[in-house]
Amino acid sequence: MRTARFFPFLAVALISLSILAGCHSSDGPGIPLPKAWPRLPIQQYDSMTVVEGLPVEVRVNPSSTWQIVDDGMQGLTVTYPAVGTKIYFTFVKTRDQAERQQVVDIRKQRISLNLNGGSARMLHSDIDTVRNYDAVLIVSKSAVQTPVQLLATMGNYVVTATAFIDNPGIAQAYDSIAPIVRVLQHDMFNALSDISFSSE
């Protein structure tokens with residue numbers, strides 16, 4: 001009989017403790033939930049915006065902002081304000097094939113340094129031998145601050161683009177930025193109007 005009375009008392013005590021604990025936790029600072037990265041829409045090819053005033057036609061995501069820069073080397077900075085990410089384009093005009101190859105070799109070295117020994121997937125464009133147009137898109141899960149890079153030759157111009165995610169805290173968190181990388185890959189895949197890739 002004593003045991004039968006004890007169990008209801010224990011149940012009431014446990015319920016009271018859980019209510020008190022819930023009240024206490026609501027008053028305290030609590031543990032913040034992880035902040036999700038904003039999702040950016042992947043734009044259709046024909047809805048991307050053409051940037052005027054560049055030596056080659058470049059399309060950008062309409063949800064981004066952009067600025068043409070010319071500090072001795074013409075460039076374009078595309079900013080995604082919602083996610084702290086930028087794409088840096090450069091346009092180097094060369095005089096002949098030898099100079100163009102020299103610029104390409106330097107840019108390849110820079111891309112390699114950005115990868116820092118990590119693996120990468122490369123998407124090659126359809127080569128246009130008549131106009132001397134060619135490009136490669138480099139996508140890496142290892143180089144999380146520079147996950148997408150582009151190198152193209154377009155006639156006398158060598159065009160490069162590097163996506164830079166300005167957040168040192170993501171060094172070991174590729175999964176958290178994967179949706180952003182997909183948008184960056186898509187945008188850079190479609191950035192150069194006169195360059196087409198075989199597959200995305």
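Colleague: Why does aspartate 128 count as partly exposed?

Modeller: This is a predicted model, and aspartate 128 has a relative accessibility of 22%. Buried means under 20%, and exposed means over 50%. The value of 22% lies in between, so aspartate 128 is partly exposed.

Colleague: What makes the pairing of arginine 131 and aspartate 128 a salt bridge?

Modeller: Their side chains come to 2.9 Å, N to O. The cut-off is within 4 Å, so the pair qualifies.

Colleague: Why is arginine 131 called partly exposed?

Modeller: Arginine 131 has 38% relative accessibility. Partly exposed runs between the 20% and 50% limits, so arginine 131 belongs there.

Colleague: How do you know that arginine 95 forms a salt bridge with glutamate 99?

Modeller: Look at the closest N and O atoms. They are 2.9 Å apart. The limit is 4 Å, so this pair counts as well. The structure holds two salt bridges.

Colleague: Why can such side chains pair at all?

Modeller: Side chains of opposite charge can do so when their charged atoms come close.

Colleague: Is arginine 95 buried or exposed, and why?

Modeller: Arginine 95 has 73% relative accessibility. Exposed means over 50%, so arginine 95 is exposed.

Colleague: How much of the protein counts as buried?

Modeller: Of its 200 residues, 40% do. Each of those has to fall under 20% relative accessible area, because that is what buried means.

Colleague: Which secondary structure elements does the protein have?

Modeller: There are three helices and nine strands. From the N terminus on, they run α-β-β-β-β-β-α-β-β-β-β-α.

How values were computed
Residues are numbered from 1 along each chain as its sequence is written. This is a predicted model: local features need pLDDT of at least 70, side-chain atom pairs count only at pLDDT 80 or more; totals for chains, interfaces and linings use all residues. Side-chain values use heavy atoms; hydrogens and water are left out. Buried means under 20% relative accessible area, exposed over 50%, partly exposed in between (1.4 Å probe, protein chains only). Helices (H or I, at least four residues) and strands (E, at least two) are DSSP runs, numbered from the N terminus.
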